Amino acid sequence: MDFTIDNLVRKNIKEMTAYSSARHEYSGKGNIFLDANENPFGSPLLAGLPGEVTARFNRYPDPAQVLLKEKISLIKGVPPQNIFLGNGSDEAIDLLFRIFCEPGKDKVLLFPPTYGMYEVCAEMNNVQVKKIPLTASYQLDLAAIEEAIDPFTKLLFICSPNNPTGNSIKRPDVELLLNNFNGLVIIDEAYINYSRQKTFIAELTEYPNLVILQTFSKAWGLAGLRLGMAFAAQPVIQYLDKVKYPYNINTATQQLALDALENVATVNDWIEVTVEQREWLRNELAKLKITQQVFPSDANFLLVKMKKAGKVYQYLVDREIIVRDRSHVIRCEDCLRITIGTPEENQQLVTTLKDYSA
Ligand SMILES: *Cc1c(COP(=O)(O)O)cnc(C)c1O
C-alpha cells in the first residue's frame, strides 16, 4: 500500500490559508477581551440552562472545543488530536468530500442499501458516485469493489452496523480494504453502541487511511444537539480543522454535551434495554403471518420484510405509528425499517400489527 495524504488532498485545499479567528490569535491569559467585536455586557439568555452552565453566550465559542475533546478523549480512548467534532456526522461527511474530491473528476464508492447522506453530499459536491450493491446477505462485494477502484477513487463509505439493513460488515473484509486501498476508508459507526462487533477505534494507530464516524444522535439521545465525531490520524484531522467553519460547534452544544457526558451510566442502561427489546421485538414480529423475514440487527432498529409493506406502513400511519418505508430501496423490497422504541411503544406496535394480521 502506498498511502500519502498529500497525494489525496485537493490542490486548492492544500494551498489555501485557513481563517484565523480572534480567539486563535492570542495566547496566554486574557482578562479584558476587546478583540472580537463581541457585546461586553452579556447576553439576554444567561439564566435557565441546566447543569453547571458557565457558558457566556456573548462570547464566541472555543473554535478548538478543547474541554469537550478532552472529555470525549477519556471516554473513547482517543487522543484529542485525533478527534474532529462536527455539526452532526453530516458535517464531517461533507468536509471529507470537499477536502479530498476534485469536483467533476474524482469519485467515491458507495455500497447500497446504505445511509443516504453519502450520496447527497457527493451530488452536492459534484463528485461521481460508483455504487456497488451489498450482496444478498448485506456484505461487501469485494471482487466488484476491487474492480471498481481506479486512481480517481478517493473515498469508500462503509456503514457498520449498516443503515437500513442493521447488520455489521465483516471485520476481515473491512481490514482488507484498509490494507489495500490508497484512499480513505470511512467507517460510519453511528450504531456501534448497540452492536456485538467492536469499534475500529483501536485500529486508528495502524491505519493512516481510516476515518471513523460516531455521533451523539443515537445511543446518546442528543439528535437535537447536532454533534458528530470523526476519529482519524492527525493529518486527516488537521485538514478537517482547516476547512471547517471556525465556530462550527456552538457554545450551547459544547456545554450541554459536557453535561451529558457525566451521565454515561444512564446511556448504558438505555443501550441495554434497547438491545433486549430488539431481540424481543424480533421474535414477536417473526411470529406474525404478514412477516416474511426479520433481519438480524446490531443497531437500534429492525429491517423487516413483509407481505405488502406499503399497506402495512399505511395501516400503521393511520394508527399514528410511524415507521420507515424502505420498500423502494435496492435489496430492501417490501421492507420496513422499525426503530426500537420503549417497551410500551414496542408492545403497542406488536398489538397493532397482530390486529392487522388477524
Ligand atoms: C443517524 C445516522 C448518522 C447520524 O448523523 P448525525 O448528523 O450525527 O445526526 C450518521 N450515520 C448514519 C448511518 C446514521 O444512520
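**Exercise 1.** Which backbone atom lies 3.3 Å from an oxygen atom of the ligand, and in which residue?

*Solution.* Start with the ground rules: this is a predicted model, where local features need pLDDT of at least 70, side-chain atom pairs count only at pLDDT 80 or more, and totals for chains, interfaces and linings use all residues. Residues are numbered from 1 along each chain as its sequence is written, and side-chain values use heavy atoms, with hydrogens and water left out.

Now look for polar contacts (pairs of N or O atoms within 3.5 Å). A backbone N or O atom of D90 lies 3.3 Å from a ligand oxygen. Next, try the side chains: a polar atom of T215 is 2.6 Å from an oxygen atom of the ligand, and an N or O atom of S217 is 2.6 Å from a ligand oxygen.

**Exercise 2.** Find how the seven strands are ordered in the open sheet.

*Solution.* Strands are DSSP runs of E with at least two residues, numbered from the N terminus, and two of them pair if DSSP finds at least two bridges between them. Reading across, the order is β1-β7-β6-β5-β4-β2-β3, with mixed pairing. At the edges stand β1 (83-86) and β3 (128-131), each with a single partner strand, so one side of each has no neighbour in the sheet.

**Exercise 3.** Describe the pairing of β6 with β7.

*Solution.* Take β6 (residues 210-215) and β7 (residues 228-232): they pair in the antiparallel sense over five bridges. Then pick out I212, which stands opposite F231 in β7.

Note on methods
Helices (H or I, at least four residues) and strands (E, at least two) are DSSP runs, numbered from the N terminus. A polar contact is a pair of N or O atoms within 3.5 Å; within protein, one must be able to donate a hydrogen and the other to accept it, and residues adjacent in sequence count only if both atoms are side-chain atoms.
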